[in-house]
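Subject: Handover of the structure

Hello,

As agreed, I am passing the structure on to you. The sequence and the model come first, and my notes on them follow.

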Amino acid sequence: MILAIIFFPLIASIITGLCNKILSIKIASIICTTSVVISALISAFVFYRVGICGEVIHIKIIEWLNVGGIHADFAMYIDQLTSIMLITVTFISSAVHIYSVGYMCDDENVPRFMSFLSLFTTFMLLLVTSDNFLQLFFGWEGVGLCSYLLIGFWYKKDSANFASIKAFVVNRVGDLAFIVGIIFIYSYFGSLEFAYIFGKVPALAEQKTQVFGHNFYVIEIICFLLFIGCMGKSAQIGLHVWLPDAMEGPTPVSALIHAATMVTAGIFLLARCSYLFEYAASILGFIIIIGSITCLFSAVIAITQNDIKRIIAYSTCSQLGYMFLACGLSTYEAGIFHLYTHAYFKAALFLAAGSVIHATHEQDITKIGGLRKFMPITYVLFWIGSLAIMGIFPFSGYFSKDLILSSAYLSGTFAGDFAYKCGIMAAFCTAIYSVKIIVKVFHGKQSEKIHHIPKESPIIMNVPLIFLAAGSIFAGLIGKNILDITTPITGFFKASVFTKEFKLGSHTPFSVEIMPTIVAITGMLIGYIAFSTNISSTISKLFRPLYKLITNKFYFDEIYNYIFIKQNDQLSQKMNFIDNKVIDFCGPVIVTIISYNSAKKISSIHNGLINFYAFTIAIGTVASLSILVYKYVL
Amino acid sequence: MAIFFYLFSSLMILSSIGVITSRNPVYCVLWLIFTFLNSSAIFIQLGAEFIAMTIIIVYVGAVAVLFLFVVMMLNINLAEIKSQLLGNRIVGACLMFVLIIDFILIVKSALSSNSTISIFHNQASGKLSNTHSIGAILYTDYIIVFQLSGLVLLLAMVGCIVLTVRKREGVEKQNAHKQIARTIEESIEIIKVKTRVGVNGINYK
Amino acid sequence: MESIISNVTLEHYVILSCCLFSIGMCGLLLNKGNVINILMSIELMLLAANINFVAFSSYYNELTGQIASIIILAIAAAEAAIGLAIIVNFYRACGTISIEKINKLKG
């Protein structure tokens, strides 16, 4: 029955995918949604068994590879970390499935959409329930593939196609590092299974090796490469360029993939390999730096964006920075807790934005306004999500964010201090941009650009939203108090994440505890005032160059274009020339020319004269006769 | 007895050289006939008189006569020896030389080793004539070969006719089947003639 | 004299047949530009084969050779007939039977 968690969505996806044109929209939606909901219920049951009762489930499904020394199975390994991820993935996925039944109601390609959503769910579940690196990588690649398919779902739009390819290629860069990391793991540990590797890590902690002439610790190299993979998948700075463009896909896709599940695969990998990362202290420091830079950087960009989905996308990027920050500080529990709460409120925000888009068919917030009267439920849900992301007590974001920032403060290292400062500033910016959306979309006077009256979304779209909003409210409380997530080692995650030295001993001072809330409230007020009036546009005109820099995303895309894409273009043109004119010429063309000309010459032997033919026959006969005579008679 | 062999064989060689070197094609055919006659004499020497007579009847009486018909029917210009094929001719002559040497070598080596053939199926008996003995085995042991050669001759006959038959233009022939298979619709057309109008202006099909 | 006019053995007949064959081949290769000549040379070669068969049949007292000879006769006749029919056809089509003009099989 536990296998049904993975296989129900898979079968539903295959059925809907193959019978794409045959099934009606209703039946396809019902098949996929029911399968995912069943999967969610079973994972709730598993969560009870594993998370609360504390047992670990390990089921081997089928043996996959047994070549050389590599041994990998398809297996389901569910410990506490996996169980919480299962809950997150399946519940958010069911919510998105139900929501998209309403959202995509006027699209004719719904069965394909549902199939891809379920396929994505399957791959994500394979990823989180894996017990070896190979299956994890298989799920990793699978979710990348589904992301590509879903971003480019409306394939008739050019921008969607470009965005999906960009997402896939940037992911690939990370995957390359991941693969090299796996190869390193195999060559030093001799196996790809988690249990074996994690047991052997202390033995290899001191081993060094030579790379490009410098000495490095083996564990550090491995962790560095794995982290690059995480950077690609979770859109950290440097490899984050695909996330804003990924908003070309439908809004349910953004909610599921780019808010709650796929981008969190990186954090999951970090937490799962916590046994490895704990022995690579410098890499942990590196992770902290990267995480905090991303956090601040995306939050700042989000302030100046004007597209609803893009603001929320950068917000996701920023919150992911928080999670990486937490993992870098060795408080993996805090990171996963923030992942869990973030999934709820980010998905709620995205789906609420989807309601707005569905009602007004417009994504630019400067063009819409005053929706408060027409869509009250959406307005309330948006506020709930925003308060959760800002970290106001008692919404769920408060607990997780507070925990992360406290650990950053208490860590005492340079990286921790830097992370604390970045985190506080990012919290400030978070409040600003969250309020920006609310003010611009829901307050203010109604825009004249929208001609029809926006209606509230149908009930089928609002029910999942309400469920997610409830999650954003209560998930934090449940996590901290009931599940005891935040207590390390003896708390919720018993042996699934590992911390080498238990750093947090002292109590956090009250000023540090209250700081995020103060910062958030300040930001909220400032943002409200700035965006309701004209102060925001005045500021943007005053600091025009800085504003331009930030609005253009710090010109990351342009820089990458210049460094990589242009060189690639030139190289590929040269290669094209070589391929067409040189290789093709030496190959088929030359053969054609030679065979044609020689055939022409040879066929001139057939001059049609019987004389000549008879002559040739005679020569042949006499020659063979002479040979025989020479051989046998003489 | 040997003298006859040498006589006829030398005549045969000479006449075959005459076949290939005569200018006039009719002369060529006549030399060919002479060759056949000489060969028939050789056959008689070998004791195969039926074969000899058959050669004269079939080769001379039918094939050579056919050659003569065709030679005289076609307007063959007396051809000159083409000098541009001189290179060809030299190679051809060498080829022949080699061929003859080969043959002589083979014959010398094969027949001097005194190997005997072990199957002595159909013995030629001194009491029966050649015709009798051939007839005894041709229609019994070699019946299939006989029938097949008959088929080949039939094929040749049919082939010749097919190759050379010509349709003459302007000759009307009757096809009885077509004539019998006429229908009313293609033969008769009944037209109502209007009164006081007459048969002028009627469109016949 | 006696050595020259010796007993006629099988060798003599076979050499005669070989000479006749080579003369026929000569006629085939060193022809005078006539197709009729070629056909006649072919008849010569068949005759040479005939003599060969009958000689062996006679010297080994085996009648199969003579049967073969009869068959060869029939085949030669058939082949001459068809060859001549083709030539007649070709003459009708092209007006000449010079070898160099018969090159329709050129390719």
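Between chain B and chain C, an area of about 6800 Å² is buried, and carbon and sulfur atoms give 78% of it. Please keep in mind that this is a predicted model. Chain B puts 80 residues into the contact and chain C puts in 70 residues. On the figure for area, the general point is that the size of an interface is often given as the accessible area lost when the parts come together.

Charged pairing across this interface comes to 1 salt bridge. The partners are Lys108(B) and Glu11(C), whose closest N and O atoms are 3.3 Å apart. Polar contacts between chain B and chain C amount to 8 residue pairs, counted where both residues have pLDDT 80 or more. On the side of chain B that touches chain C, the elements giving two or more residues are helix 1 (2-21), helix 2 (25-46), helix 3 (49-73), helix 4 (86-111), helix 5 (130-138) and helix 6 (143-164) of chain B. Helix 3 of chain B gives the most, with 12 residues. Sorted by class, that side of chain B has 54 nonpolar, 20 polar and 6 charged residues.

The interface of chain A and chain C

Here the buried area is about 1000 Å², with 67% from carbon and sulfur atoms. Chain A brings 12 residues to the contact and chain C brings 11 residues. Within chain A, Leu609(A), Ile610(A) and Asn611(A) lose the most area to chain C, and together they make up 41% of what that side buries. The count of salt bridges between chain A and chain C is 0. The count of residue pairs in polar contact, both at pLDDT 80 or more, is also 0. Helix 24 (residues 610-633) of chain A supplies the largest share of the side of chain A that touches chain C, namely 6 residues. By class, this side of chain A has 6 nonpolar residues, 6 polar residues and no charged residues.

Chain A as a whole

Chain A has 24 helices and 4 strands. It has 634 residues, of which 56% count as buried. About 26300 Å² of chain A is exposed, and 70% of that area is supplied by carbon and sulfur atoms. Among contacts in chain A with a separation of 6 or more, 78% are between residues 24 or more positions apart.

Salt bridges

Over all chains, the structure holds 13 salt bridges. As general background, side chains of opposite charge can pair when their charged atoms come close. Three pairs in chain A are described below.

Asp79(A) and Arg272(A) form a salt bridge, 3.0 Å from N to O. The two residues are 193 residues apart: Asp79(A) is in the loop between strand 2 (70-78) and helix 3 (80-103) of chain A, while Arg272(A) is in helix 11 (residues 265-272) of chain A. Both Asp79(A) and Arg272(A) are buried. Why does Arg272(A) count as buried? Its relative accessibility is 2%, and buried means under 20%. The side chains of Arg272(A) and Asp79(A) are also joined by a polar contact of 3.0 Å. Beyond its neighbours within four places in sequence, Arg272(A) is in contact with Tyr77(A), Asp79(A), Leu81(A), Thr82(A), Val128(A), Ser130(A), Phe194(A) and Phe198(A).

Lys166(A) and Asp557(A) also meet in a salt bridge, at 3.0 Å from N to O. Lys166(A) lies in helix 6 (residues 158-189) of chain A and Asp557(A) in helix 23 (residues 556-603) of chain A, so this pair ties together parts 391 residues apart in sequence. Lys166(A) is partly exposed, with a relative accessible area of 21%, and Asp557(A) is partly exposed at 22% relative accessibility. Through shared partners, salt bridges join Lys157(A), Lys166(A), Asp245(A), Glu248(A), Arg310(A), Lys553(A) and Asp557(A) into one network.

The third pair is Lys60(A) with Glu63(A), where the closest N and O atoms of the salt bridge are 3.8 Å apart. Glu63(A) has 39% relative accessibility and so counts as partly exposed. Lys60(A), at 46% relative accessibility, counts as partly exposed.

Regards

Definitions and conventions. Residues are numbered from 1 along each chain as its sequence is written. Chains are lettered from A and ligands numbered from 1 in the order in which they are written. Side-chain values use heavy atoms; hydrogens and water are left out. Buried means under 20% relative accessible area, exposed over 50%, partly exposed in between (1.4 Å probe, protein chains only). Contact means heavy atoms within 4.5 Å. Accessible areas come from the Shrake-Rupley method with a 1.4 Å probe; for residues, only the protein chains shown count as cover. Buried area is the accessible area (1.4 Å probe) that two parts lose on being put together, summed over both. A salt bridge is a side-chain nitrogen of Lys or Arg within 4 Å of a carboxyl oxygen of Asp or Glu. A polar contact is a pair of N or O atoms within 3.5 Å; within protein, one must be able to donate a hydrogen and the other to accept it, and residues adjacent in sequence count only if both atoms are side-chain atoms. Ala, Val, Leu, Ile, Met, Phe, Trp, Tyr, Cys and Pro count as nonpolar, Asp, Glu, Lys and Arg as charged, and the others, Gly among them, as polar.
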